[in-house]
Amino acid sequence: MTVVVEDDQAVRLWAAASAAYPEEGCGVLVGHADGDETRVTLVVEGRNLVRDRRLDRYELDPADILRADRLARERGEEVVGFYHTHPDHPARPSQLDTDRAWPGYHYVVIAVAGGRVEVATAWTLDEPARRFDAVSLHPPRPASGPPDHTPS
Ligand SMILES: [Zn+2]
């Protein structure tokens, strides 16, 4: 099983993850199944409703899920998963992430260090075991950009 984020949406995803730093960012992934792949064709940025622990907690606004679901239906697609960021922490789901996961969706976890996206991983819940299984994610990180200096 593979989650493929289309190029323009991957750019959006990395930008949203960086912008949320140093807080946790979160949102919804819209797309469709394509054989053994799940293609993400739209990233819907969400609001983190947590008030007092925004550096290491998130709670996606249910209104964002409804909005993403509406957008998905208009496109003949569906909500295929969710993303959130781990500021200055590895891209591995926490126990809390596992406990709160719903079966049948992909969960993308994005490690952001110092405001830069380092790497992202994707997971699906093994419902009977209540455990996350790793799923391959493409692309797993931003393409290396142009050099920092501008030619003079
Ligand atoms: Zn997490």
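The radius of gyration used here is taken over C-alpha atoms, and the rule for a globule is 2.2 Å times the number of residues to the power 0.38. With 152 residues, a compact globule would come out near 15 Å; the protein chain has 15 Å, which agrees.

Before you click around, know that this is a predicted model: local features need pLDDT of at least 70, side-chain atom pairs count only at pLDDT 80 or more, and totals for chains, interfaces and linings use all residues. Residues are numbered from 1 along each chain as its sequence is written.

**Stop 1: the whole chain**

Show the chain as a cartoon. You should find 3 helices and 7 strands; helices (H or I, at least four residues) and strands (E, at least two) are DSSP runs, numbered from the N terminus. Trace the chain from the N terminus and the elements go β-α-β-β-α-β-α-β-β-β. The C-alpha trace spans about 55 × 35 × 30 Å along its principal axes.

Now think about contacts: two residues are in contact if their C-beta atoms, placed from the backbone, lie within 7 Å. Among contacts between residues at least 6 apart in sequence, 59% join residues at least 24 apart.

**Stop 2: helix α1**

Select residues 7-20, which make up helix α1. The expected span of a helix is 1.5 Å times one less than its number of residues. For the 14 residues of α1 that gives 20 Å, and its end C-alpha atoms are 20 Å apart, which agrees.

Which residues of α1 are buried? Colour A10, L13, W14, A16, A17 and A20: those are the ones. Here, buried means that 20 or more other C-beta atoms lie within 10 Å of a residue's own, exposed means 12 or fewer, and partly exposed is in between, with C-beta atoms placed from the backbone. Look down the axis of α1: its buried residues fall within an arc of 160°, so they line one face of the helix. (The arc is that of the directions from the helix axis to the C-beta atoms.) An α-helix has 3.6 residues a turn, so residues three or four places apart point the same way. Swing round to the other side of α1 and you meet D7 and D8, which are exposed.

What do the buried residues of α1 pack against? Show β1 (2-5), β2 (26-34), β3 (37-45), β4 (78-87), β5 (106-113) and β6 (116-126). For a single example, pick A17: leaving aside its neighbours within four places in sequence, A17 is in contact with G25, T85, I110, V112 and V117.

**Stop 3: the core**

A nonpolar core is a set of buried Ala, Val, Leu, Ile, Met, Phe, Trp, Tyr and Cys residues joined through C-beta atoms within 7 Å. The largest one has 39 residues, and L13, A17, L29, V30, V108 and I110 touch the most other members. Over the whole chain, 36% of the 152 residues count as buried.

**Stop 4: strand β1 and its partners**

Zoom in on β1. Its covered face holds V3 and V5, while T2 and V4 are on the uncovered one. Two strands pair if DSSP finds at least two bridges between them. β1 runs parallel to β3, joined by 4 bridges, and V5 has V40 as its bridge partner in β3. β1 also runs parallel to β7, with 3 bridges. Across in β7, V3 stands opposite L137, and the bridge partner of V4 is H138.

**Stop 5: the β6 and β7 hairpin**

Stay with β7 (131-138) and add β6. The two pair in the antiparallel sense over 5 bridges, and T124 has D133 as its bridge partner in β7. In this hairpin, 4 residues sit between the strands, and R130 takes a positive phi near 50°. R130 is exposed, with 11 other C-beta atoms within 10 Å.

**Stop 6: backbone oddities**

Most residues other than glycine have a negative phi, and most peptide bonds are trans. Besides R130, try D88, in the loop between β4 and α3 (95-100): it has a positive phi of about 55° although it is not a glycine. With 15 C-beta neighbours inside 10 Å, D88 counts as partly exposed.

Where are cis peptide bonds found? One goes from Y21 to P22, with omega near 5°, and P22 is in the loop between α1 and β2. Another goes from H138 to P139, with omega near -10°; P139 is in the segment after β7.
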